[in-house]
Amino acid sequence: MVANVDMKRKDELAYLALYYAIIGNDERSEMIRRVVRRLEGKRVDATPELVAVEA
């Protein structure tokens with residue numbers, strides 16, 4: 001039961017991070033992504049800077 005709750009919370013945070021990335025709030029998105037990675041038990045390193053790509 002606890003694992004399901006943790007997985008659901010992690011998924012909710014991941015979707016929230018995606019939402020912030022889509023609307024352009026990259027700083028907030030990266031902050032939430034770091035939390036998600038911590039919940040997954042992965043080592044959290046500094047995130048590389050995003051670079052704009054010409055379309």
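**Figure 1. A nonpolar patch on the surface of the predicted model.** Tyr 15, Leu 16, Leu 18, Tyr 19, Ile 22 and Ile 23 together form this surface patch, and their joint accessible area is about 670 Å². Patches are built from residues with over 30% relative accessible area and no salt bridge, like charges being joined within 9 Å and nonpolar side chains (Val, Leu, Ile, Met, Phe, Trp, Tyr) within 5 Å. Accessible areas come from the Shrake-Rupley method with a 1.4 Å probe, and for residues only the protein chains shown count as cover. One member of the patch, Tyr 15, lies in helix α1, which covers residues 2–23, and Tyr 15 counts as exposed because its relative accessibility is 61%. Here buried means under 20% relative accessible area, exposed means over 50%, and partly exposed lies in between (1.4 Å probe, protein chains only). The model is predicted, with local features requiring pLDDT of at least 70 and side-chain atom pairs counting only at pLDDT 80 or more, while totals for chains, interfaces and linings use all residues. Residues are numbered from 1 along each chain as its sequence is written, and side-chain values use heavy atoms, with hydrogens and water left out.

**Figure 2. A salt bridge within helix α1.** The side chains of Arg 9 and Glu 12 meet in a salt bridge, at 3.6 Å from N to O; the term stands for a side-chain nitrogen of Lys or Arg within 4 Å of a carboxyl oxygen of Asp or Glu. Both residues belong to helix α1 and are three residues apart, about one turn of the helix. Glu 12 is partly exposed, with a relative accessible area of 39%, and Arg 9 is also partly exposed, at 47%. In general, side chains of opposite charge can pair when their charged atoms come close.

**Figure 3. A network of salt bridges that includes Lys 10.** Lys 10, Asp 11 and Glu 40 are linked in this network. The closest N and O atoms of Lys 10 and Asp 11 are 3.5 Å apart, whereas those of Lys 10 and Glu 40 are 3.7 Å apart. Lys 10 lies in helix α1 and Glu 40 in the segment after α2 (26–39), so this pair ties together parts that are 30 residues apart in sequence. Lys 10 is buried, with a relative accessible area of 16%, while Asp 11 is partly exposed at 32% and Glu 40 is partly exposed at 38%. Across the whole structure, a search finds four salt bridges.

**Figure 4. The largest nonpolar core.** Five residues make up this core, namely Leu 13, Ala 17, Tyr 20, Ile 32 and Val 36. Helices α1 and α2 each supply at least two of its residues, and α1 gives the most, with three. A nonpolar core is a set of buried Ala, Val, Leu, Ile, Met, Phe, Trp, Tyr and Cys residues joined through side-chain atoms within 4.5 Å. Leaving aside neighbours within four places in sequence, Leu 13 is in contact (heavy atoms within 4.5 Å) with Ile 32, Val 35, Val 36 and Leu 39.

**Figure 5. Ser 29 in helix α2.** Ser 29 is buried, with a relative accessible area of 3%. When residues up to four places away in sequence are not counted, Ser 29 touches Ala 17, Tyr 20 and Ala 21. The chain as a whole has two helices and zero strands, where helices (H or I, at least four residues) and strands (E, at least two) are DSSP runs numbered from the N terminus.
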